[in-house]
Each structure stands twice: as C-alpha cells, then as structure tokens.
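Student: I should like to learn how to read the features of a protein model. May we look at one together?

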Amino acid sequence: MIKVEWQEKRQLVKVSSMYYHDGLTQAQIAQKLGVSRPVISKLLQRAKDEGIVKIYIKDESVHTVELERQLEQYFGLSDAVIVPNNGLSEEMAKREVGQAGASYISNNIKDVKSIGISWGETLAHLVQEYPYERREDVTVVPLEGGMGVKQVQIHANQLANELAKKLQSTCTYLYAPAIVETEELKERLMGMEDVQTVLEIGRNVDVALIGIGNPYANSTLMRLGYIQEHDLTQLREVGTIGDIGFRFFDENGAPINDSLNTKVIGITLAEFQKIKKVIAVVEGQHKVESILGALKGKFIDVLITDELTASAIIKKMTI
C-alpha cells in the first residue's frame with residue numbers, strides 16, 4: 001500500500017464523507033471543491049484502495065446473490081436466481097420458486113416468439129403465478145406428451161394452454177401420452193403429422209421451461225403411475241440420477257438409453273441442448289444430485305431454485 005500523507009488522507013476522508021455520508025453527487029462535490037468530476041471519482045476510488053472506505057452490503061439477499069454468482073461461475077450459466085427459504089414449508093418454497101420463475105420469464109421474453117414448456121408441479125406454480133400480459137406474437141408449445149386423468153393440471157399440454165391464456169397468445173397441443181406401452185405404438189404416434197409438427201416446433205423454440213425430476217425420492221413419476229418399482233430397480237442399475245421431460249440421465253448428464261426412453265413421446269436430451277435458452281425451475285434438496293447431473297450435462301442455461309437446494313449444490317462442488 002502506498003503511504004498517504006496526512007494532507008492527502010484528509011482530502012480523501014473529506015470527499016468520502018461528502019459522498020457517502022452527506023449523499024452529495026460527484027458533480028456537486030467537484031463544484032464545492034473547485035475541481036472536475038473525474039478528479040472526485042479518482043479520489044473516491046483511491047479512498048477504497050487505501051482502505052479508508054470499506055463498503056458492506058447488509059441485506060438478507062447477500063447470501064443468495066453470492067450463491068447465484070457461484071453457480072454461474074461453476075457451471076457457465078447465463079443466469080441463476082436463488083429464492084430465500086426463510087423457514088418456508090416445502091409447498092410454500094415451491095410456490096416461491098414458481099413465482100420467481102414467472103417474474104424472470106416475464107422480464108426476459110422481450111424478443112421471444114416461442115416458449116416450450118415441460119411438465120411438473122413447480123412449473124404449474126410458475127404458470128399459476130404468471131401475470132396477465134398481452135403477447136399475442138408468442139406461441140407456447142408442450143415439449144412432451146401428457147394424457148390421462150391423474151393430476152392433469154401439471155401436464156405439458158395443460159400448462160401450455162394456461163400460460164398461453166396468461167399471455168393472451170396461442171399454443172399448440174401434443175395429443176399423445178408422455179410414455180406409451182410399446183415401441184411400436186410410439187413409432188405409430190410419432191409418425192402422425194400433427195405429432196411430428198408439434199415436436200418440430202418444440203425443438204426450435206426460443207426458450208424452454210423445464211423441471212428436473214428425481215425418480216427415487218418424492219417422485220411425481222411414481223405418483224402418476226408412469227414408472228413402477230421394477231422400473232426403479234432398472235434405472236438404478238444403469239446409473240440414472242434424474243430426468244428432464246421423462247428423459248433420464250446419469251450423474252454426469254449422459255443420457256440413459258433404457259427401455260422407458262424408447263417409449264417417450266417428446267423431445268430428447270440432445271434436442272434440449274440445442275435450444276437457445278433452457279430455464280430450469282426446480283425446488284427441493286432431494287433433487288440436488290439430479291440438478292447436478294443436469295448442470296454437468298449442459299442442459300441448463302438458467303437455474304431458478306431455492307436457497308437450501310443451491311447451498312447443497314455448492315457444498316457438493318466444493319467437497
């Protein structure tokens with residue numbers, strides 16, 4: 001550190017006090033002292049360099065902002081949004097993450113013409129919290145099939161429809177189940193022109209909204225009956241750690257080519273990687289390993305999650 005003579009130090013303290021304590025602008029200080037504004041700017045920087053001025057940010061958001069920066073740096077994300085948990089229940093945290101996702105999308109779709117949406121409870125909260133806007137030029141597209149009578153409110157078709165209503169825009173529908181019984185049936189359905197058209201639009205959306213699943217813990221796939229106990233055994237054997245849109249991957253993000261994968265009607269993990277911006281909206285510490293796998297697989301550009309989950313991810317990366 002360069003030694004500062006007392007006259008210089010006095011000037012630095014005086015300028016800093018006028019700026020930080022009195023709230024004067026650099027231009028106002030310059031006018032009072034009879035110097036140019038750049039001189040004041042340099043003096044303020046010098047005061048920080050010499051340790052005369054130390055800036056502390058006192059806010060509960062500091063920790064979450066730091067987590068965001070770490071996630072962005074570790075995984076090359078274009079953005080991360082971390083929601084404070086503050087003792088929230090799991091359901092409330094899921095709602096807060098959905099709300100954060102809704103706010104993020106609303107503020108970042110200025111030039112977006114097409115939005116792809118997957119399925120799941122957190123995405124359902126996002127759509128529910130989304131504000132009503134007039135974006136008639138946007139098309140919302142389901143990224144995989146979804147038919148049946150169980151929890152239809154979280155199926156991709158339903159979410160696409162509801163989000164389109166919020167945007168006062170249009171949506172497409174993928175009239176097919178997410179997972180069919182046989183490969184032969186899948187091929188027949190994939191051969192239908194309407195199904196081909198919707199999937200092709202989905203592969204080329206500007207933005208994709210996805211959830212991330214853990215098939216073993218608190219699994220929505222299990223609750224909906226998409227997978228059974230024998231499927232879990234098989235998924236463990238091949239190293240499955242999570243899924244995106246019913247497409248399974250391992251701890252390094254490598255796709256799992258199991259028998260279930262051959263019966264899915266929806267876009268593939270390789271196709272997700274080619275979408276311009278993929279935004280993952282996900283809550284829950286039980287999904288930490290699944291999120292890590294998705295991050296390592298480079299499927300995600302933006303991650304929106306809760307503080308406890310983000311902290312657990314960072315902890316695993318620094319062990």
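Tutor: Certainly. Let us begin with a pocket, which is open to the outside, unlike a cavity, from which a probe cannot get out. The largest pocket here is lined by P177, I179, V180, E181, L185, D231, S259, L260 and K263. Please keep in mind that this is a predicted model.

Student: How much space lies in the largest pocket?

Tutor: The space in the largest pocket comes to about 160 Å³.

Student: How does the lining of the largest pocket divide by class?

Tutor: Five residues of this lining are nonpolar, one is polar and three are charged.

Student: How many cavities of 30 Å³ or more does the structure hold?

Tutor: There are two cavities of that kind. The largest has a volume of about 310 Å³. It is lined by 26 residues, and the closest to its centre are G120, I212, G213, T220 and K287.

Student: Which helices and strands each supply at least two residues of the lining of the largest cavity?

Tutor: They are α6 (121–129), α10 (220–223) and β6 (242–244). By class, the lining of the largest cavity has nine nonpolar, eleven polar and six charged residues.

Student: What may be said of T220: is it buried or exposed?

Tutor: The general idea is to consult the relative accessible area: a residue under 20% counts as buried, and one over 50% as exposed. T220 has a relative accessibility of 16%, and therefore counts as buried. This residue lies in helix α10. Leaving aside neighbours within four places in sequence, T220 is in contact with W119, E121 and I154.

Student: Which residues line the second largest cavity?

Tutor: Its lining consists of W119, G145, G146, H155, A156, A178, L224, Y226 and F246. Six of these residues are nonpolar, three are polar and none is charged. The space in this second cavity is about 30 Å³.

Student: F246 appears in that lining. Where is F246 placed?

Tutor: F246 is in the loop between β6 and β7 (247–249). Its relative accessibility is 2%, so F246 counts as buried. The backbone of F246 also deserves attention: F246 has a positive phi of about 70° although it is not a glycine.

Student: Which residue takes a positive phi just after α13?

Tutor: That residue is K298, with a positive phi of about 60°. K298 is likewise not a glycine. Its place is in the loop between α13 and β9 (302–306). At 53% relative accessibility, K298 counts as exposed.

Student: How many residues of α13 are buried?

Tutor: Seven of the nine residues of helix α13 (residues 288–296) are buried, and the helix is thus mostly covered. The buried residues are V288, S290, I291, L292, G293, A294 and L295.

Student: Which residues of α9 are buried, and on which side of the helix do they lie?

Tutor: For a helix, one may ask how the buried residues are arranged around the axis. In α9 the buried residues are V195, V198, L199 and G202. These residues cover an arc of only 95° around the axis, which means that they are on the same side of α9. What covers them includes β3 (139–142) and α8.

Student: How many residues has the largest nonpolar core, and which of them have the most contacts inside it?

Tutor: A nonpolar core joins buried residues of certain kinds through side-chain atoms within 4.5 Å. The largest nonpolar core has 45 residues, and those with the most contacts inside it are I117, L126, L163, L209, I279 and I304. Helix α7 (residues 156–167) gives the most to this core, with six residues. There is also a second, separate core of 41 residues, which includes I212, I275, V282 and A294.

Student: Which residues does I304 touch, not counting residues up to four places away in sequence?

Tutor: I304 touches V81, V97, A100, G101, Y104, I279, A280, V281 and V282.

Student: Where is N86 found, and is it buried or exposed?

Tutor: N86 is found in the loop between β1 (79–83) and α5 (90–107). Its relative accessibility is 57%, so N86 counts as exposed. By contrast, G191, in the loop between α8 (183–190) and α9 (193–203), is partly exposed at a relative accessible area of 46%.

How values were computed. Residues are numbered from 1 along each chain as its sequence is written. This is a predicted model: local features need pLDDT of at least 70, side-chain atom pairs count only at pLDDT 80 or more; totals for chains, interfaces and linings use all residues. Side-chain values use heavy atoms; hydrogens and water are left out. On a 1 Å grid over the protein atoms alone, a cavity is a set of points where a 1.4 Å probe fits but cannot get out, and a pocket is an open set with protein on both sides within 12 Å along at least five of seven lines; lining residues have an atom within 4 Å of a point. Grid points are joined across faces, edges and corners, and a volume is the space filled by probe spheres set on the points. Helices (H or I, at least four residues) and strands (E, at least two) are DSSP runs, numbered from the N terminus. Ala, Val, Leu, Ile, Met, Phe, Trp, Tyr, Cys and Pro count as nonpolar, Asp, Glu, Lys and Arg as charged, and the others, Gly among them, as polar. Buried means under 20% relative accessible area, exposed over 50%, partly exposed in between (1.4 Å probe, protein chains only). Contact means heavy atoms within 4.5 Å. The arc is that of the directions from the helix axis to the C-beta atoms.
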